[in-house]
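Grab a coffee and work through these exercises with the model open beside you. Try each task before you read its solution.

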Amino acid sequence: KRNLFQIAIDGPAASGKSTTARLVAQQLNFEYIDSGAMYRTITFAALKENLNPTSLIDSYKIINIAKTSKIQLITIDNGTPPLAHTSPPQPLLPKTRVLFNEEDITEKIMLPEITRNITGIASNPGVREALVVKQRAMAECVVMDGRDIGTVILPNAHLKLFIIADPKIRAERRLKELKRIKKMENLEMSEVLADLLRRDKNDTERKISPLKMADDAILLDTSGLSIEEQVERIIKLALEKMRKNIEYLNENI
Ligand code: CDP
Ligand code: CDP
């Protein structure tokens, strides 16, 4: 796949992966693949079938769902330039619609019930194996974000980023987002922070495909960065890498 260009973005929850990945993909005219949405989709499907993500017996049925279901991630460009003219400034992000066996579950997979149950799904090796196959098949000229993209899914990605930010800043960002988009006014900061830390711990400590910075990834701390600055840095890195890559291809034709 040396004629493709793959950008892998990993990091803990709410570090800014998907916002950046979407905008970078839009500017480069690449595909954006939200691998977290796929884990959320399997969690949704399991709960819908009354399967318990942490039950050994149910885990086999859940693996079967992951293998046989059709997951589609469809990016709809908002048709507006990124980061434009809103007050207060909010980037107008391209949106990904998530279809599970043709059913649009985009909003449903972001509900707290899904987030609470996701770790059982994410640590199920059979589910991960099924999603690896689907995710690799989606990787053309792509920006993909998740936890194991640079280490497992796209180990040969041309550019790998590991995005981190101070946990309190991440919780503040996520709280603001949930209040804005989901109108969850009663949500407490402490609740959001606890959920992020619990998932980070689980993601880092699980046996299979743990959250880990790839040896050749670039670390980016976004605690003090705006979304615009974050996107700009990554685009710059991507263009440098693309130039080197083309030079290499030229020399080795
Ligand atoms: O947006 P946020 O960072 O909160 O979560 P997400 O990217 O939607 O991912 C939700 C959960 O799916 C994570 O906490 C991980 O447990 C799992 N996940 C994973 O295990 N591997 C991936 N490549 C992506 C997500
Ligand atoms: O995908 P991930 O869970 O890593 O994070 P995200 O969904 O991209 O970002 C979480 C929230 O932080 C979003 O509401 C972003 O708009 C916001 N954010 C921010 O305010 N400043 C940044 N530099 C990056 C993200």
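**Exercise 1. Around ligand 2**

How many residues surround ligand 2, and which are the closest? Then work out its polar contacts and its cover.

Before we start, some ground rules: this is a predicted model, where local features need pLDDT of at least 70 and side-chain atom pairs count only at pLDDT 80 or more, while totals for chains, interfaces and linings use all residues. Residues are numbered from 1 along each chain as its sequence is written, chains are lettered from A and ligands numbered from 1 in the order in which they are written, and side-chain values use heavy atoms, with hydrogens and water left out.

*Step 1.* Collect the neighbours (a residue is near a molecule if one of its heavy atoms lies within 4 Å of it). You should get 14 residues, the closest being Lys17, Ser18, Thr19, Leu225 and Gln230.

*Step 2.* Sort them by class: Ala, Val, Leu, Ile, Met, Phe, Trp, Tyr, Cys and Pro count as nonpolar, Asp, Glu, Lys and Arg as charged, and the others, Gly among them, as polar. The shell of ligand 2 comes out as four nonpolar, six polar and four charged residues.

*Step 3.* Ask which elements contribute (helices are DSSP runs of H or I with at least four residues, strands are runs of E with at least two, numbered from the N terminus). At least two shell residues come from each of α1 (17-28), α7 (167-181) and α9 (227-251).

*Step 4.* Look for polar contacts (pairs of N or O atoms within 3.5 Å). The side chain of Gln230 puts an N or O atom 2.6 Å from a nitrogen atom of ligand 2. Oxygen atoms of the ligand sit 3.1 Å from a polar backbone atom of Ser15 and 3.3 Å from a polar side-chain atom of Glu177. On its own, ligand 2 has 540 Å² of accessible area, and the protein covers 85% of that (Shrake-Rupley method, 1.4 Å probe).

**Exercise 2. Around ligand 1**

Which residues are closest to ligand 1, and which element gives the most to its shell?

*Step 1.* Run the neighbour search again: 17 residues surround ligand 1, with Arg40, Arg128, Asp148, Arg174 and Asp203 the closest.

*Step 2.* Check the arginines. Polar side-chain atoms lie at 2.8 Å for Arg128, 3.0 Å for Arg147 and 2.9 Å for Arg199, each time from an oxygen atom of ligand 1. Ligand 1 exposes 530 Å² when taken alone, and the protein buries 95% of that.

*Step 3.* Assign the elements. Two or more shell residues come from each of α2 (35-48), α4 and α8, and α2 gives the most, with four residues.

*Step 4.* Finish with the classes: five nonpolar, three polar and nine charged residues.

**Exercise 3. The second largest pocket**

What is the volume of the second largest pocket, and which element gives the largest share of its lining?

*Step 1.* Set up the search: on a 1 Å grid over the protein atoms alone, a pocket is an open set of points with protein on both sides within 12 Å along at least five of seven lines, and lining residues have an atom within 4 Å of a point. Volume here is the space filled by probe spheres set on the points, which are joined across faces, edges and corners.

*Step 2.* Read off the result: about 300 Å³. Its lining has 17 residues, and Pro112, Thr115, Leu178, Leu187 and Asp195 are the closest to the centre.

*Step 3.* Split the lining. α8 gives the largest share, seven residues, and the classes are nine nonpolar, one polar and seven charged.

**Exercise 4. An open sheet and a loop residue**

In what order do the three strands of the open sheet run, and why does each edge strand have a side without a neighbour?

*Step 1.* Find the pairs (at least two DSSP bridges between two strands). The order is β3-β4-β5, with antiparallel pairing.

*Step 2.* Look at the edges: β3 (71-76) and β5 (103-104) each have a single partner strand, so one side of each has no neighbour in the sheet.

*Step 3.* Count the bridges between β3 and β4 (residues 95-100): there are six. Gln72 is opposite Leu99 in β4.

*Step 4.* Now check the loop between β4 and β5, where you'll find Glu102. Glu102 is not a glycine, yet its phi is positive, at about 75°. For context, most residues other than glycine have a negative phi.

Definitions and conventions: Polar contact = N/O pair within 3.5 Å; in protein donor to acceptor, adjacent residues only side chain to side chain. 1 Å grid on protein atoms, 1.4 Å probe; cavity = no way out; pocket = protein on both sides within 12 Å on 5 of 7 lines; lining within 4 Å.
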